[in-house]
Amino acid sequence: MMDYILQITGFLIAVVVLVQVVLTLRMSLHQYQLRRKLMHQHIEDAGQTFKIHRLSQEHIQQQESLVWNGSRKFHVDRKEYEDRNGNICSFYLVPHDGRRLPAFLPGQFLTLRLNIVNPQDRRKRGRVTVRCYSLSDYSRNPEYYRITVKRLSPQKADPDTPPGVVSNFLHDYVGEGDILDIEAPKGKFCLDMTSQTPIVLIGGGIGITPMLCMLNTIAESDSSREVWFFYGTLNSDDIILNDHLIRLSKAKENVHVHRCYSKPYDEDIQEADTHTGHVSVDLFKRLLPSSNYSFYICGPPPMMQSITQDLNTWGVSDEHIFFEAFGPATVKPQVREESKDTASDLTVTFSKSGETYPWDPETLSILDFAESKGVAMDGGCRIGNCNTCLTAIKEGEVRYVHDPDTVPNQGSCLTCVSVPAGKLILDA
Ligand SMILES: Cc1cc2nc3c(=O)[nH]c(=O)nc-3n(C[C@H](O)[C@H](O)[C@H](O)COP(=O)(O)OP(=O)(O)OC[C@H]3O[C@@H](n4cnc5c(N)ncnc54)[C@H](O)[C@@H]3O)c2cc1C
Ligand code: FES
């Protein structure tokens with residue numbers, strides 16, 4: 001009997017040991033496979049970073065010579081309406097001199113200098129008006145530049161406001177074959193292509209254009225970088241390039257496209273990955289596995305303001321939040337607060353008319369101030385990017401309330417992003 005018990009015990013111990021050995025081997029194999037996969041992923045990612053970095057460097061070096069100074073003539077090769085109601089139009093712009101185009105960084109914009117002619121008499125030279133438009137498509141070797149422009153109609157709340165000058169001019173009077181004066185791509189709101197950090201691209205309304213360019217860049221480079229693309233519009237009437245977005249999200253495992261409609265039609269929210277309401281950090285919390293992303297935002301000021309604040313509250317630090325304003329937007333409230341100088345000795349003199357005015361601390365910039373006094377000054381982007389408002393200072397100093405792309409030399413200022421820092425005399 002004792003022998004029998006010993007035999008059974010021995011057998012059971014042997015079975016347990018065998019099971020442990022098998023489990024350990026399986027675990028090791030699994031861990032080995034996992035490690036191998038991770039290692040391959042790292043090698044792939046590093047290679048990807050290197051590949052993209054190398055390509056970017058190559059482009060920058062090889063194509064530096066292609067960048068031009070001042071304006072260059074482009075003709076409109078193609079004009080395509082992108083939305084259901086014909087309010088948003090893409091212009092495919094080809095250099096009229098037939099020479100190659102330099103590559104650009106995804107997120108950059110073009111500066112157009114338009115001669116706004118009187119539609120009744122197109123022979124007369126009109127007023128030169130400057131506006132910036134983000135590049136909305138990407139190619140490593142561009143044969144054209146694409147911009148996508150929304151027509152600005154009079155505001156619904158105040159139908160007496162005039163319609164947007166340039167957007168309407170482009171829609172109504174610029175057609176295929178017409179020639180435009182365009183400055184080389186610029187801007188610092190760019191996707192860092194040397195990094196593999198996962199990204200969240202957030203576009204509201206027409207603010208989607210630089211995001212499209214960033215998304216297309218990642219798609220074109222075959223990068224495995226994780227991208228979440230959130231696109232906010234009123235409803236499907238306003239959405240552009242929807243088929244393209246759906247195609248991309250189906251074709252690329254790393255690309256996740258979500259559309260948010262604030263006032264959707266019933267059928268809008270039947271589609272996959274659509275949501276009712278504005279793009280919000282609450283939605284990110286529901287969909288993203290963590291907050292460890294770089295966030296790129298472009299859209300109406302209230303949207304940018306609320307998202308940046310909520311991201312901060314979620315623990316995302318400022319160095320992971322990048323944004324672009326399409327106008328004199330105040331993304332950070334402190335920008336406006338800082339500009340509220342109350343010192344009574346702040347004055348601005350416009351030397352050409354000889355008029356001197358006490359500074360109004362409610363005004364956001366010298367350019368706004370000049371316009372409110374009926375003083376003609378050139379303006380373009382109104383966010384310190386395009387240099388159109390560069391004005392010579394005859395006496396005094398300015399303070400920048402918003403960092404310009406490049407701070408001008410001593411003796412000049414960008415009036416769209418500065419306020420007087422004492423008695424100021426401008427050559428205007
Ligand atoms: C870096 C950058 C990138 C940009 N990218 C794009 C882009 O990709 N696509 C795009 O469509 N836009 C883009 N923009 C915006 C673009 O540059 C223009 O600002 C936009 O097209 C409006 O120009 P506009 O001449 O048509 O309107 P404006 O004539 O400048 O008028 C602007 C608004 O003010 C209203 N308005 C005009 N006069 C008055 C008045 N007296 N009282 C009250 N309201 C008035 C108009 O109705 C209009 O709504 C970008 C801007 C920047 C700075
Ligand atoms: S208007 Fe563009 S820099 Fe001032």
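**A walk from strand E5 to the ligand and beyond**

Let's begin at valine 149, a residue that lies in strand E5. Please keep in mind along the way that this is a predicted model. Valine 149 has a relative accessibility of 0%, so it counts as buried. From here we can step across to threonine 209: the two residues are 60 positions apart in sequence, yet their C-alpha atoms are 8.9 Å apart in space.

Threonine 209 brings us to ligand 1. An N or O atom in the threonine 209 side chain sits 2.8 Å from an oxygen atom of the ligand. Taken alone, ligand 1 would expose 970 Å², and the protein buries 76% of that area. Two further polar approaches are worth finding on your screen. Arginine 131 places a polar side-chain atom 2.8 Å from an oxygen atom of ligand 1. Valine 165, by contrast, uses its backbone, with an N or O atom 2.9 Å from a ligand oxygen.

Now widen the view to the whole shell. Ligand 1 is surrounded by 24 residues, and the closest of them are Cys132, Tyr133, Pro162, Val166 and Ser167. By character, the shell divides into 13 nonpolar residues, eight polar ones and three charged ones. Which elements each supply at least two residues of this shell? They are strand E4 (127-134), strand E5 (145-150) and helix H2 (165-173). Strand E4 gives the largest share, with four residues. And where does ligand 1 lie with respect to domain 1 and domain 2? Domain 1 (67-186) and domain 2 (199-326) both give residues to the shell, so the ligand lies between them.

Next, have a look at the largest nonpolar core. This core has 27 residues, and the members that touch the most others are Phe91, Leu93, Leu112, Leu170 and Leu180. At least two residues each come from strand E1 (71-81), strand E2 (88-95), strand E3 (109-116), strand E5, helix H2 and strand E6 (179-186). Strand E3 gives the most to this core, with four residues. Two names may ring a bell here: E5 and H2 contribute to the core, and E5 and H2 also supply residues of the shell around ligand 1.

Further along the chain we come to arginine 259, in strand E9 (residues 255-261). Is arginine 259 buried or exposed? Its relative accessibility is 4%, so arginine 259 counts as buried. The arginine 259 side chain has a partner, making a polar contact with the side chain of asparagine 242 at 3.1 Å.

Strand E10 (residues 274-276) is the next stop, and threonine 274 is found in it. With 12% relative accessibility, threonine 274 falls under the 20% limit and therefore counts as buried. The threonine 274 side chain reaches two backbone oxygens: that of glutamate 271 at 2.7 Å and that of aspartate 268 at 3.5 Å.

Our last stop is threonine 391, placed in strand E15 (residues 390-395). Threonine 391 is buried too, having a relative accessible area of 10%. Its C-alpha atom is separated by 6.9 Å from that of threonine 415, a residue 24 positions away along the chain.

Key
Residues are numbered from 1 along each chain as its sequence is written. Chains are lettered from A and ligands numbered from 1 in the order in which they are written. This is a predicted model: local features need pLDDT of at least 70, side-chain atom pairs count only at pLDDT 80 or more; totals for chains, interfaces and linings use all residues. Side-chain values use heavy atoms; hydrogens and water are left out. A residue is near a molecule or strand if one of its heavy atoms lies within 4 Å of it. A polar contact is a pair of N or O atoms within 3.5 Å; within protein, one must be able to donate a hydrogen and the other to accept it, and residues adjacent in sequence count only if both atoms are side-chain atoms. Accessible areas come from the Shrake-Rupley method with a 1.4 Å probe; for residues, only the protein chains shown count as cover. Ala, Val, Leu, Ile, Met, Phe, Trp, Tyr, Cys and Pro count as nonpolar, Asp, Glu, Lys and Arg as charged, and the others, Gly among them, as polar. Domain bounds come from an automatic or database domain assignment. A nonpolar core is a set of buried Ala, Val, Leu, Ile, Met, Phe, Trp, Tyr and Cys residues joined through side-chain atoms within 4.5 Å. Buried means under 20% relative accessible area, exposed over 50%, partly exposed in between (1.4 Å probe, protein chains only).
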